[in-house]
Amino acid sequence: YMSMLWRFEQGYQAMSGLSLMIGVVLNNTLQQVGVKGCQLKWPNDVYFEGKKLAGILIEVEGQAGSSTSAIIGVGLNVNLPNDVSGIDQAFTDLSHISVKKLSRNELAARFIENLWKALPQFEAQGLHPFLNDWQTSDLFFNKPIKLLMGDKSVQGISKGIDASGALLLESAGTVTAYHGGEISVRSV
């Protein structure tokens with residue numbers, strides 16, 4: 001688990017799509033250390049061959065109209081025991097998918113360095129510079145999905161994300177942007 005704090009002087013509105021950008025940076029970092037083929041699941045997970053490898057959690061502190069702090073946490077499965085219980089979805093870890101043994105410290109240092117470079121770019125330009133990398137790694141692009149939003153759900157074809165980080169879902173010929181919810185990995 002890695003975490004860091006970043007202050008957004010422009011407030012909460014400057015954070016739209018933050019978890020998506022962090023996913024892109026984590027995926028690019030994994031590629032740098034030889035872990036190829038990971039995909040991104042909206043809004044905050046990294047998968048490998050359909051199994052969860054990492055998750056991103058952001059805690060926001062601040063008030064509307066003023067600077068806001070984001071505590072950015074990343075949980076990355078590095079070397080899980082074989083008898084893990086209590087996880088209700090497919091998962092994997094770096095020890096099973098990496099062709100070489102990875103140093104946790106090297107991986108954490110690279111990720112933090114990459115994130116440290118990306119955060120000012122994100123704060124200045126938003127999600128735009130990261131959209132292409134997201135789209136090429138989108139786990140569910142052009143696939144049927146179910147989006148869960150509390151006790152409601154909607155089904156459709158995932159059409160990626162927009163510049164604000166919203167999930168684009170096509171249903172009955174109309175594409176709608178959704179800013180919240182969770183994609184169900186259960187069959188649609």
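Is Phe-8 buried or exposed, and what is the relative accessibility of this residue?

## Phe-8 and its aromatic partner

In this predicted model, Phe-8 has a relative accessibility of 0%, and because buried means under 20% relative accessible area, Phe-8 counts as buried. The structure holds two aromatic pairs, and one of them joins Phe-8 with Phe-122 in an edge-to-face arrangement, with 6.3 Å from centre to centre and 85° between the planes. This pair links distant parts of the chain, since Phe-8 lies in strand 1 whereas Phe-122 lies in helix 3, 114 residues apart. Phe-122 is likewise buried, at 0% relative accessibility.

## The tryptophan pair

Trp-6 and Trp-116 have ring centres 5.1 Å apart and planes at 85°, so this pair is edge-to-face. Here, too, distant parts of the chain are linked: Trp-6 belongs to strand 1 (residues 2-8) and Trp-116 to helix 3 (residues 104-125), with their positions 110 residues apart. Trp-6 has a relative accessible area of 11%, and therefore it is buried.

## An open sheet of five strands

Elsewhere in the description comes a sheet. Five strands, in the order 9-8-7-6-10, form this open sheet, and their pairing is antiparallel. Strand 9 (174-178) and strand 10 (182-184) are the edge strands, each of which pairs on one side only. If direction is ignored, neighbouring strands of the sheet are turned by 50° against each other on average.

Within this sheet, strand 7 (residues 152-161) pairs with strand 8 (residues 167-171) in the antiparallel sense, over three bridges. Ile-157 has Glu-170, in strand 8, as a bridge partner.

Key:
Residues numbered from 1 in each chain as written. Predicted model: local features only at pLDDT ≥ 70, side-chain atom pairs only at ≥ 80, totals over all residues. Heavy atoms only, no water. Pairing = 2+ DSSP bridges. Helix = DSSP H or I, 4+ residues; strand = E, 2+ residues; numbered from the N terminus. Axes fitted to C-alpha atoms, helices over the stretch in contact; angles between N-to-C directions. Phe/Tyr/Trp six-rings, centres within 6.5 Å; stacked < 30°, edge-to-face > 60°. Buried < 20%, exposed > 50% of the residue type's maximum accessible area, 1.4 Å probe, protein only.
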